[in-house]
Each structure stands twice: as C-alpha cells, then as structure tokens.
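Here are a few short exercises to work through with the model open in your viewer. Try each one yourself before you read the solution.

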Amino acid sequence: MVKKEMIAMLLAGGQGSRLGVLTANVAKPAVAFGGKYRIIDFPLSNCINSGIDTVGVLTQYRHLRLNTHIGIGIPWDLDRNNGGVTLLPPYEKSSNSDWYTGTANAIFQNLEYIESYNPEYVLILGGDHIYKMDYQVMLDFHKSRKADVTIACMPVPWEEASRFGVVVADDKGNIKEFEEKPEKPSSNLASMGIYIFNWSILREALITLKDQPGCDFGMHVIPYIHNRDHNCYAYEFNGYWKDVGTLGSYWEANMELIDIIPEFNLYEEFWKIYTNNDIITPLYFAQDSKVERCIIGEGSEIHGEVYNSVIGSGVHIGEGTVVKDSIIMRGTSIGKNCKVDKAIIAERVEIGDNVEFGVGEFAKSALNPKVYAFDLATIAENSSIPSDVKIGKNTAIDGKTAPEDYPDGVLAGGQYIIKAGEM
Amino acid sequence: MVLAGGTNNRMGELSRKRAVAAMPMAGSYRCIDFALSNMSNSHIQKVAVLTQYNARSLNEHLNSSKWWDFGRKQGGLFVLTPTITADNSSWYLGTADSIYQNLDFLRHCHEPYVIITSGDCVYKLDYNKVLEYHIDKKADITVVCKEMPEDTPGLSRFGIVKMDDEGRIVNFEEKPLVAQTNIISAGVYVIRRRLLMELIQKAHDEGRNDFVQDILIRYKDVKKIFGYKLEGYWSNIAMIDDYYKTNMDFLKSEVRDYFFRQYPGIYSRVEDLPPAKFNPGSDIRNSLISSGCILNGYVENTILFKKVYVGNNCVIKNSIILNDVYIGDNTVIENCIVESRDTIRANSSYIGEAGSVRIVDERNDRYIL
C-alpha cells in the first residue's frame, strides 16, 4: 500500500440521544440537514476539499443509513483505487470481541486499518458538527510547531465553556493545561473534538491505554500524552462551527441557513459540500403557492405556503397548507389545509389533511424535558399522522399513529406517542 | 448508438452554443439524458454517442459514465467523434456515414442487436419491449413510431410512416409535402448488428450517406421493416418552438409525474449545487425551480434552470431561464428564453410575443460573484 501523509478517522458511531426520536432509527451523522444534506456530509466534504483522500468512518449505532449514504464514496470523490472511504464497524475477534466502548477505543480496534496506510499523521474527526475547515492548514500549523498533538479549538462564551473540554494555552498555542468538562473553567478555548496526532505517538498511547474502560480522547488519551511532556498545541479556529447535538441547536443551525446572507454559506463556489442525492428533478410551485425565506431541496412539490423553513428533497406540501418555522426532511408528504408551526418532521412521514401543529401553550415534556424543549414538535421518520388532529408543543411522535391515539383529536403539549418496534 | 452530432438551424441562436442533444431540458436535464437513461433503464450497457457539431457542452456533460450507471466492466460509454484515418479525412457526411466511420466499433462488438436512437428526443421507452417485438415479428428493421394527434401542425417535417394491419411499414416518406398519415418515425431503430454492418457498407460503396433516405426508404420493399408504436409522451427538439413547448409541458402535473415520479427515473450529471433559496420578496407561481437558484422576485409560468439568480422586484413570466443566469434587480422578462451564463443588467426589460419567444443572449460582463 502506498504511504499516506495523513489519513482521517471519522467517528460516526454515536446515537445522539439528545436529538430524541430523530435518531430513534438512524445514527446522528446520518440525520438530514440543510434541505438536501446529511450531517456527515460536512466533515466528509471538508476532507476531500482539504486534499485528504483516505477516510475511515467508524460506525456502530444503526449504521444502515450511513452505509447506504456513503457507499463507496462516489459523491465525495472518495472512490479511490488507493485509499478512499472505508466504513469500519466493530467486528468479532478471536478473543475480546467488543463494541466500541469509547472514541479512542474505536480507533484502537482499527489499528490495523491505519497501519495499512502507514501515515505520518492521523486526523480524528467527529461526525456531528456543521462547519467548513481546511484540515491542511491545521496540518501546516501542526508541522510548523513541531507538535505531537494539535487540538482544534475555538473560543466559546464563558458560561458554555463547562460543556466542553477546554485548554489553557500560551500565545504560540502551546497547551499548558487540559480540562474535560470542568465545573470552573480556567479558559474559554473549547476543544472542537478535531485532533491531529503524530501516528507514532497516538499508536503508543492507544496500545498503553488499551485496557482503559471506555477509552476516550478527551478523558484519557489527551491527558496521557500531555502528562508525558509531548508537544500539545491548540489550533485556534474562528470560522462558523455549530454543534447540532440538541433539537434546539439543530433547529437553529438549519434556520441560520435561510438568512439573506447566511453566516454559513452553502452557495460559495470554492468549498462545495457534496452529498449523495438521488433526487435531481427541479422543484415545482403551484399557481397558489407562496414561499418566502426558505431553502427547498430538489424534486419537492409545493402547493401551499411555506415561510421560514428548511425543506428537504421530494417533499409534497398540499393545497392550503401553511408551513412556518419548520424543518421537513426528504420524502415527507403533508396533506391539505394543515398548519405546521415549529415542527421538525423527519424523512418519509405521511401527514393527513387538516392537521395542526404547535397548538396550545408551553408544556413540559413528559417524555424527557431535557430533550424535548424549545417548543418544537418532533416527528420521527416513517411516522404517519392521521387527518384532523392537533399536536401541541414539545411533543414527540414515532410510528404509524391512528386517530384513536389522539384523545379528542389532540396530542396535548408535552405529550408523546412512541410506537416502538413497529416498522 | 445515440446519434448526437446534428445541429438544426431552426434552433436559431440556441444552437450557436451547443448541439441539440446538449440542450438543457426540464430544469435539471439535457436532451440526451432521456435517450441515455432509457438505455440504462433497459440494461443496455454498451452505449456509443456519435458527436460532431459543437460538442463542447455535450462532452462536458458526458464527462463521466457514472451518471447513467454505464461504467461497467462489460460495455461502457463511448464518445465517437469523426477522426482522420488512412482511408478517410472527412467529417460525418450523414447518419449512415457516421455509423460507417465507426464500423470497426460495431465489428468488435459481440452483441447481436443494435439500437439506434437520436439524442434530441424527450421520451421514455424500454428498448427491450421493442426488441421483443422485433424478434416476434421476425423483422429486419423495427422503427419506433408515434401516432400524433390528427391536427398536429407541421407533421410534414417528420418522417411519415404508413403501416399495414400487421405493423409492417408499407410506405415511408421523409419530410413529405403532404403528410398521408399521422404516424411519424420517432427516430429509434432496432436492427441486427450484422445486417446493419452489411447495409451500411453497401450504402457507403454506393456513395450514400443517410440512414433514413438511403437505408430505410430505399429498402422498405426489400427488407421487412416493422413499426413499433410508442405509447406515452414523445417530443422532438428540432426548433425553438418545440424546445419552448416541451419545456413548458413539464409544468403539467401528468408530464412531471410520468418523467419525474414514475419508475424508472431519468438520470443526469450531478452538479452538487445547494438547495434553491427563497429570500423575502420571492413569489413563485406555477414554475419549476432547479437547485442552486436564489430568488428574490416574482416568477410565474417559468422554468428556471440551475444556478439562476433573480434579483429584487423582478417579474419573470412565461420564460425559460437557462443555467447560471444572473438577473439584476427590477428586471422584467416575458416570453423569453435567456441563454445560459448570461448576465441581465438591473432595470432592463425583455418582452417577447406570446407564440413567438424571444431569445436573449446579452453576454454582459458579470461583476457580482
């Protein structure tokens, strides 16, 4: 195998449970974003745009959608004779067969994959952020500082710093201290979960820490390497970077795309985001349609009115329906005369006529108030909603629902219908 | 074999930039996508596209065979352009000559049958059904025919076919003065490969170069030539009006349903453009909008191809705006076809007549990225 200077390992195995029913059947990196994309398209496109042509994608939780989406990597030009994209799920071994127990453990279990390319550097990426970043610039930084590890960091508001791993670094970026989710952060420079390691250093650390339960980069590997006086540097990144880990931040990040000049601009020519799109037909607007402040994917048919929304490909919106402040993913069909207000509707959902979303007042979610906040109604993929029902705020629906599931035709605020196990 | 080398002066200014087969169609496609997708959907994996006239756009479009799922170990997508050889230094002199110049390609194939189609028709057809019919009728050549409505104007610009009850073609006239029937040749032929090579060689030896005139019509009483009736939508792009009308047909839900939703689909080159964006002030009615567009104005009965920018307070009606056009603020466009990559200055007005569309090709410099 030809030696590669740097290969990327993309961690895409997590469920992302804070996205609630959106990730009931699909891993978070495969969740749709921005009309036609999926979250993983952003790090994958960054890789190819940065000239990295060898990417291992570590999958574990519900990886079918990821597998079909990535395939052999054609949309990202990662179908290579030498390198390209490889999906790496956990596998059985003669002893010690194990799931991936932590981020670093997942890499450890794929030592063989990395070894086969014998790289100088390994880039570790997460599959759950929206950003554009040239990893080659980060590698130049890494080389110029003669670093052993470089952590991409960005300044965050102080009050949020305790959610992240934070680093204390000097002017040159040399890391003095590293704190994982500290209660009293001593810096607001947060780790973005993007690392460049010298492969020899990382390899040694992974092998030494192989028996560490739940071996994690932030918790174990970085402190281990830092304590051994290796050169750890912080690479400050000041571009757009958005965590889409919660329903609220996911909704917000989508809505930011519809600003007139969005901070995160998909329409730039020089850093394209690629995705696997099988729907390429133009979208159609009927005579009575109305649309403002939206982005809409290919092949959708809009007969109603759509405002302030992000609509995926192949969506059908019936006559008289008004959609506001919502996210509707690919293949979903909404009947006539519905009112959709602040809803996140996942893929291939069937919604009848005269359905109303967002009725009533704020109510705390009875399912999980930490997940279902933000006044959003969240509908899982492949669900169906019968005609003539009303759905309140902070609600969740997963499965084929019938009129009898809605007492008096209403799913009150904070309530939920989860029909698990049914397909 | 897809014959995509031709031009047509009735396409007017639109043909300056590209061959008819490369004309943008239905928002996100080009004409030739329909023939190529039909090939792919009929599981034909060895496809040759014969090009000659201004093939730059076409070659760009055919830059990878993966869009139509051709790049297989068996077969592939072949672009055959005229080349200078020891025996020949001329361009393709006609459809038969274009096949003659690639006779070696045919000779080295092992497939028993050849489908010949043109690259400038919009239709869906399973060629296997035509082949089954061809074998069933023990035909020498099968011509796909389309029954046009009785009152279609301009029938005489097609090849007019007369069939007997069996389906055999008893009369075939190319562009007659008066059309005797309303059945026309759709420009799709099935023929055994060895017979095709033999007829093409013979035509060449006699100095004849046209497939329809010198093979179909000349041999109609000698060979068994059958007609296969194509059901469903078919349109040929031969002049500006055809082009305008065929595009506008996609505003009808049954045509969209037939091509866009019903299996099998039509494929095209993927350009990785972002979703269309609708800013405040946009108002879209009965229109098709492709990916990469950014809209700020009023659009009605219009087809916007990819990457069109529509400025504030624009009014666009009954028009076709081709790929990558920038339309400045306060512009009015009615009954026009705006040529691709054009830049329309702010505060301008382009009004064509209903029934006779105006072609807009300004070639202004673009200052805005």
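A salt bridge here is a side-chain nitrogen of Lys or Arg within 4 Å of a carboxyl oxygen of Asp or Glu. This is a predicted model, where local features need pLDDT of at least 70, side-chain atom pairs count only at pLDDT 80 or more, and totals for chains, interfaces and linings use all residues. Residues are numbered from 1 along each chain as its sequence is written, chains are lettered from A in the order in which they are written, and side-chain values use heavy atoms, with hydrogens and water left out.

**Exercise 1.** Find what Glu256(A) pairs with, and say which elements get tied together.

*Solution.* Start with the partner: Lys242(A), with the closest N and O atoms 3.3 Å apart. Next, place both ends: Glu256(A) sits in helix H8 and Lys242(A) in strand E13, so the bridge links parts 14 residues apart in sequence. (Helices, H or I, at least four residues, and strands, E, at least two, are DSSP runs numbered from the N terminus.) Finally, check accessibility: Lys242(A) is buried at 15%, while Glu256(A) is partly exposed at 22%. Buried means under 20% relative accessible area, exposed over 50%, partly exposed in between (1.4 Å probe, protein chains only).

**Exercise 2.** Do the same for Arg157(B).

*Solution.* Its partner is Asp242(B), at 3.0 Å between the closest N and O atoms. Arg157(B) lies in the loop between strands E8 and E9 of chain B and Asp242(B) in helix H9, so this pair spans 85 residues of sequence. Asp242(B) counts as buried, at 11%.
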